Amino acid sequence: SPYKNVVVNELVLDPQGRKMSKSLGNVVNPFEMLDQHGADILRWYLLVNTPVWIPKRFDAEGLSDMKKKFFRPLLETYKFFILYANIDGFDSREKEIPHKDRTELDRWILSRLQTTVEDVTEQLEKYDTTKAGRLIQEFVDQDLSNWYIRLSRRRFWKGERGQDKTAAYQTLFDILVTLSKLIAPFCPFLAERMYRNLSGEDKAGSVHLCLFPVKDPVKQSKALEEKMSSPRRVVQLGRALRELKELKVRQPLSKIIVVTEKENVRRDIDDFEELIKSELNVKAIEFVADSGSLVSQKVKPNFKALGPKFGQHVNQVAAAIKSFGEKEIEELVLSGKHMVHVGGHEFEVTKNEVEILHEEKEGLAVQSDGAITVGLDTHLTQGLIDEGVAREFINRVQNLRKEAGFEVIERIKITFDGSDTLKKAVVGQKQYILNETLSTEILTAFAHGEFSKEVEINDEKIQISVQRTS
């Protein structure tokens, strides 16, 4: 590992803000931190956690947090590229696919890279390493790992090596090389390792002898970055709703319902419909004009406001308020008032004297973010449930392949045993499972193969065996 045995000046940071003293046992041993976490992670933490000119309390757990937010997504992306580039024999010297001929997703991530380079440079020129590092971290974690890679995986997985797959490789290669240069002042060892591995260790010089990245205006499109923001918000809301309702990502759902009054937002979502459906694992996206089809409104009397105003009639007025239907509530919301007739009297009730409650309609989960409201249809048909089981089954098989040490491209035969319900779901989705797992056969009579294991799917324990056929 390039992170070991790196000597730095001794740290004198106190986790509890007390006076530093070896006798008190509160001195942080820098060499222990280096051995435990590595020099680059320690540097990143000290430079990015808080501005260097502000006193800070050293927190060893913060180092682990930095790994999770930055180093893990960066290294997982790097390993993803290396794995599939080696399988496909990708050569960065191949003829470059023109920028205009790449997918919108490719052009978007390259634009985000240019904007990140521009913003990081601006912060470093102000000697603000904290803001600069956080910009890089946000790009790696949110833009690259949690969006571009998630939505591009199948482009790398598919067998044929056409223009689209080559464009994906070239895009990710350019990003990783640029990132190695961008992080070089922060993480000199990781940057050097990445750069030399990507560029060819026997031919490339040091990343620290390269010029710092400069924004390429041809590859930057603020309009495209803005266009992608709406689909990303829909996905974020959809993920949050799945988590709220404890619906597994592998469980397909029939649809999401999107409410927006802005035509450009609807158009942007339409343009990325397939990506959104794939990411949220839904069958369809439906647009509606207003949130009335997603939530119902009810009115609750505010007795603190109504009491002093209506005195002895307050209970009658409150009863009338509770009986308001959609028409009365709409008038109250739009005009701010509504007239009620009780006991031969006419009273004016204002919006400030009631509490308007919004309740999700049955079978829906709803959340809003600015100009977008998303409703997730949570109703599950038997067909959707069976497909969810099949996806869980595929996940377990892929994990077994990995544990067994099988190559990504090797074909296998699967045998398994389970309940009749599970067998029916798997057999019903047989062709889909065969395609996804590169399998030639699935048998419901379990037999020990090269690698067998007991796994769990939806609280049911089953036996699965995988056997190479090629």
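Here are a few notes on two helix pairs, the nonpolar cores and two single residues in this predicted model.

1. Ground rules. The model is predicted, so local features need pLDDT of at least 70 and side-chain atom pairs count only at pLDDT 80 or more, while totals for chains, interfaces and linings use all residues. Numbering runs from 1 along each chain as its sequence is written, and side-chain values use heavy atoms, with hydrogens and water left out.

2. H8 against H10. Helix H8 (residues 222-244) and helix H10 (residues 273-280) pack at about 20°, with axes 10 Å apart. Helices here are DSSP runs of H or I, at least four residues, and strands are E runs of at least two, numbered from the N terminus. Axes are lines fitted to C-alpha atoms over the stretch in contact, with angles from 0 to 180 degrees between N-to-C directions. The pair is therefore roughly parallel (under 35 degrees; over 145 is roughly antiparallel, 65 to 115 roughly perpendicular, the rest oblique). On the H10 side, Ile276, Glu279 and Leu280 meet H8 residues including Pro231, Val234 and Arg242 (contact means heavy atoms within 4.5 Å).

3. H14 against H16. The axes of H14 (residues 382-404) and H16 (residues 430-437) come within 10 Å and cross at roughly 30°, which makes this pair roughly parallel too. Among the residues making the contact are Phe393, Ile394 and Val397 of H14 and Tyr432 and Ile433 of H16.

4. The cores. The largest nonpolar core has 74 residues, and Ile136 and Ile256 touch the most other members. A core here is a set of buried Ala, Val, Leu, Ile, Met, Phe, Trp, Tyr and Cys residues joined through side-chain atoms within 4.5 Å. Beyond four places in sequence, Ile256 touches Val234, Ile276 and Leu280, among others; those three also sit in the H8-H10 contact. A second, separate core of 21 residues includes Val397 and Ile433, both of which appear in the H14-H16 contact.

5. Thr130. This one is in helix H5 (residues 129-157) and is buried, at 3% relative accessible area (buried is under 20%, exposed over 50%, partly exposed in between, with a 1.4 Å probe and protein chains only). Outside its neighbours within four places, Thr130 contacts Leu47, Val48, Asn49, Thr50, Pro51 and Val52.

6. Gly363. Look for Gly363 in the loop between strands S6 (354-360) and S7 (364-369). At 29% relative accessibility, Gly363 is partly exposed. Its contacts, near neighbours in sequence aside, are Leu376, Asp377, Thr378 and His379.
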